[in-house]
Amino acid sequence: MEVVIATRNLDKIKEIKEALKNLKIKIFTFSDFPGFPEIKEGNNLKDNALLKARTIAKFTGKIALADDSGLEVMALKGAPGAFSSRFAGENVSYEDNNRKLLSLLKEVPLKKRDAVFRCVVAITDPQGREEVVEGICEGKIVENPGGFQGFGYDPLFQPKDFKKTFAQMSLKEKNQISHRAKALEKAKLVLKKWMK
């Protein structure tokens, strides 16, 4: 079975490959396909994931797996949500997004900084068969960035019942509790079912 990861984000590819490594599948990425399309994202995680998976399944003729993830901060009414990767504008760095988030939460005490990381994974084949799964991880936004692992908002997100941020965890540790890991566990069940 052959699966294409429908993203150009190398950090995501690394996490997804790690999560799927025990499956008997051959994994392809954008680097295997010249002209791999850029996909414009909208304002809904599920729609974004489906759009990416459908586009790449059609383009490559293979099963495509796409994820869209967002950080939802309660004090910001669920923002940045689907705009997490472009919270501080288009083509910005992870640090730019983190700075904007911290500046918006400057007056918010730690106990009111609850947040949820949500990941939606869509799996689509060229014939139009598709499934969508979701994983969430609850936690809070810390006052100062901590750690150098991971990517995105990882230095600011401290999962519930942990004393460290995602960025202070090894990939192995993070992959046991993260929103993406939980969604990918469900995605693995879908892929196993499709293998049959």
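Colleague: Is Phe117 buried or exposed?
Modeller: This is a predicted model, so the value is computed from predicted coordinates. Buried means under 20% relative accessible area. Phe117 comes in at 6%, so Phe117 counts as buried.

Colleague: Which ring pairs with Phe117, and is the pair stacked or edge-to-face?
Modeller: The whole structure holds eight aromatic pairs. A pair of aromatic rings is described by the distance of the centres and the angle of the planes. Here the partner is Phe166, with ring centres 6.0 Å apart and planes at 10°. Planes under 30 degrees apart count as stacked, so Phe117 and Phe166 are stacked.

Colleague: How many residues apart are Phe117 and Phe166?
Modeller: Phe117 belongs to strand E5. Phe166 is in the loop between strand E7 (157-159) and helix H4 (171-177). The pair thus links distant parts of the chain, and the separation is 49 residues.

Colleague: What is the relative accessibility of Phe166?
Modeller: Its ring partner Phe117 is buried. Phe166 counts as buried too. Its relative accessibility is 0%.

Colleague: Which residues does Asp154 contact, leaving aside neighbours within four places in sequence?
Modeller: Asp154 lies in the loop between strand E6 (130-141) and E7. At 2% relative accessibility, Asp154 counts as buried. Its contacts take in both rings of the stacked pair, Phe117 and Phe166. The full list is Phe117, Gln149, Thr165, Phe166, Ala167 and Lys174.

Colleague: How far apart in space are Asp154 and Thr60?
Modeller: In sequence, 94 residues separate Asp154 and Thr60. In space, the C-alpha to C-alpha distance is 31 Å.

Colleague: What side chain makes a polar contact with Glu72?
Modeller: Glu72 is in strand E3. Its relative accessible area is 16%, so Glu72 is buried. Residues touching Glu72 include Leu45, Asp114 and Val116. The side-chain polar contact, at 2.8 Å, is with Arg118.

Colleague: Where is the cis peptide bond?
Modeller: Glu72 also touches Ala79. Pro80 has its place in strand E4 (residues 79-81). With omega about 0°, the cis bond joins Ala79 and Pro80.

Colleague: What is phi of Lys77, and is the residue buried or exposed?
Modeller: Lys77 lies in the loop between E3 and E4. Its phi is near 55°, a positive value in a residue other than glycine. The relative accessible area is 82%, so Lys77 is exposed.

Colleague: What is phi of Asp161?
Modeller: Asp161 sits in the loop between E7 and H4. Asp161 is exposed, with a relative accessible area of 75%. Its phi is positive, in a residue other than glycine, and lies near 70°.

Colleague: How many residues form the largest nonpolar core?
Modeller: Strand E1 (2-5), helix H1 (10-20), helix H2 (45-60), strand E3 (63-73), strand E5 (114-124) and helix H5 (179-195) each supply at least two residues. Residues with the most contacts inside the core include Leu20, Leu65 and Val121. The core has 37 residues.

Colleague: Which residues does Leu20 contact, leaving aside neighbours within four places in sequence?
Modeller: Leu20 is among the residues with the most contacts inside the largest core. So are Leu65 and Leu191. Both are on the contact list of Leu20: Ile25, Ile27, Leu65, Lys188 and Leu191.

Colleague: How many residues are in the second, separate core?
Modeller: Its members include Leu71, Phe87, Leu105 and Val108. This core has 18 residues.

Colleague: Which charged end sits over the ring of Phe28?
Modeller: Phe28 forms one aromatic cluster with Phe30, Phe33, Phe36 and Phe59. A charged end sits over the Phe28 ring, 4.9 Å from its centre. That end belongs to Lys62.

Colleague: Which residue lies over the face of Trp194?
Modeller: The distance from the ring centre is 4.0 Å. The residue is Arg129.

Colleague: How many disulfides are there?
Modeller: A disulfide needs cysteine sulfur atoms within 2.5 Å. For Cys119, the nearest cysteine sulfur is that of Cys137, 11 Å away. Cys119 counts as buried at 0% relative accessibility, and Cys137 is buried at 4%. The number of disulfides in the whole structure is zero.

Technical notes
Residues numbered from 1 in each chain as written. Predicted model: local features only at pLDDT ≥ 70, side-chain atom pairs only at ≥ 80, totals over all residues. Heavy atoms only, no water. Core = buried A, V, L, I, M, F, W, Y, C linked by side-chain atoms within 4.5 Å. Buried < 20%, exposed > 50% of the residue type's maximum accessible area, 1.4 Å probe, protein only. Helix = DSSP H or I, 4+ residues; strand = E, 2+ residues; numbered from the N terminus. Contact = heavy atoms within 4.5 Å. Polar contact = N/O pair within 3.5 Å; in protein donor to acceptor, adjacent residues only side chain to side chain. Phe/Tyr/Trp six-rings, centres within 6.5 Å; stacked < 30°, edge-to-face > 60°. Lys NZ or Arg CZ within 6 Å of the ring centre and 35° of its normal.
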